[in-house]
Amino acid sequence: MTTPLVSVCIPNYNYARYVDACLGSVLAQSYPELEIVFVDNASTDASVERAKAHGERVQVHVNPCNLGMVRNFNRAFELSRGEYLVFLSTDDALMPDFAARCVGVLEAHRSAGLVVCEREEIDAEGRTLDCPPFFYDQSCLVPSESQLPVLMMTGMGVPCQVMFRRSVFAASGGFSERFSHAFDWHSNFRCVLHADLVYLRERLAHYRVVPGHNT
């Protein structure tokens, strides 16, 4: 029995101060089959040097010019190979069992195209803030036709909370470059057009809330 490859795609721009915490959380994952794709969007700080310091497990790619945030997310997808995908902003982090738990769910529910877990929120210094409420009251598989009306009314799952099945993400067209904000929620909606969604009522990611947050 093969273990599916998970690609953790990390688009970065001028977030050197968070690179070590972000990559450290990925390298500490309990899941063994990880590909780490770090794509720097022509940063002017020490981001690339920080990323390269983590060794050969981190594939560091540097864009010759800034592509814009959404295009850089798609560039990270283009460079990845995994059957499952995670898009992790450099100021966010994963808890150690994130990949293992999400892969287990997607392997068990083949009709699902993505799994959305819950998050803890942290501030610029890494201190835990008040956690947002759980979206549903239990873990569950939500059929596409039931989840779509919900996503038409509200967003659900920033990138660090979501693992995609690659085939479904590709069929959805990736992240739409028509949007500079909420492109992640739009992508979740488009994926649910093609497949069911699994909600995992576990806090498995750290989402950083800082002034001037891009997303």
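1. Helices (H or I, at least four residues) and strands (E, at least two) are taken here as DSSP runs and numbered from the N terminus. On that basis Asn14 sits in the loop between S1 and helix H1 (16–27). The phi of Asn14 is near 55°, a positive value in a residue other than glycine. Most residues other than glycine have a negative phi.

2. Ala182 also calls for a backbone check. Although it is not a glycine, Ala182 has a positive phi of about 65°. Ala182 belongs to the loop between helix H6 (166–172) and helix H7 (183–192). With a relative accessible area of 36%, Ala182 is partly exposed, since the partly exposed class lies between the 20% and 50% limits.

3. On the overall fold: the model is predicted. Its protein chain has 7 helices and 9 strands. The C-alpha atoms fill a box of roughly 45 × 40 × 35 Å along the principal axes. For 215 residues a compact globule would have a radius of gyration near 17 Å, and the 16 Å of the protein chain therefore agrees with a compact globule. Of the 215 residues, 52% count as buried. Among contacts between residues at least 6 apart in sequence, 78% join residues at least 24 apart.

4. Near the N terminus of the numbering, Thr2 is in the segment before strand S1 (6–12). Thr2 counts as exposed because its relative accessibility is 71%, against a limit of over 50%. Between Thr2 and Pro133, which are 131 residues apart along the chain, the C-alpha separation is 36 Å.

5. Strand S8 (residues 162–165) has Val162 and Phe164 pointing one way and Met163 and Arg165 the other, and all are buried. Side chains in a regular strand alternate between the two faces of the sheet. Which strands pair with S8? Strand S4 (residues 84–87) runs antiparallel to S8 and is joined to it by 2 bridges, with Leu85 opposite Phe164. Strand S6 (residues 112–122) pairs with S8 over 3 bridges, again in the antiparallel sense, and here Val115 stands opposite Met163.

6. Helix H3 (residues 69–79) has Val70, Asn72, Phe73, Asn74, Ala76 and Phe77 buried. These buried residues pack against S1, strand S2 (34–40), S4, H6 and H7.

7. Asp196, in strand S9 (residues 196–208), deserves a look. Asp196 is buried yet has no salt bridge. The nearest side chain of opposite charge is that of Arg165, 9.2 Å away; Arg165 is one of the buried residues of S8. What polar atom of the backbone lies 2.9 Å from the side chain of Asp196? The backbone nitrogen of Ser144 is at that distance from a polar atom of the side chain. Apart from neighbours within four places in sequence, Asp196 is in contact with Ser111, Ala112, Gly113, Leu114, Leu141, Val142, Pro143 and Ser144.

8. Arg208 lies in strand S9 as well. Arg208 is buried and has no salt bridge, the nearest side chain of opposite charge being Asp91 at 5.3 Å. A salt bridge would need a side-chain nitrogen of Lys or Arg within 4 Å of a carboxyl oxygen of Asp or Glu, so the Asp91 side chain at 5.3 Å does not qualify. Polar atoms of the Arg208 side chain lie 3.0 Å from the backbone oxygen of Asp123 and 3.1 Å from the backbone oxygen of Ala124.

9. The structure holds 10 salt bridges. One of them joins Arg119 and Glu121, whose closest N and O atoms are 2.7 Å apart. Are these partners buried or exposed? Arg119 counts as buried because its relative accessibility is 17%, and Glu121 is buried at 14%; the limit for buried is under 20%.

10. The side chain of Glu78 meets that of Arg71 in a salt bridge of 3.1 Å, N to O. Glu78 is partly exposed, with a relative accessible area of 42%, and Arg71 is partly exposed at 26%. Asp123, whose backbone oxygen was listed with Arg208, has its side chain in a salt bridge with Arg127 (2.8 Å, N to O). Asp123 counts as buried at 14% relative accessibility, whereas Arg127 is exposed at 53%. Salt bridges that share partners also join Arg71, Arg75, Glu78 and Glu177 into one network.

Conventions:
Residues numbered from 1 in each chain as written. Predicted model: local features only at pLDDT ≥ 70, side-chain atom pairs only at ≥ 80, totals over all residues. Heavy atoms only, no water. Buried < 20%, exposed > 50% of the residue type's maximum accessible area, 1.4 Å probe, protein only. Pairing = 2+ DSSP bridges. Lys, Arg positive; Asp, Glu negative; His and termini not counted. Polar contact = N/O pair within 3.5 Å; in protein donor to acceptor, adjacent residues only side chain to side chain. Contact = heavy atoms within 4.5 Å. Rg over C-alpha atoms; globule rule 2.2 N^0.38 Å.
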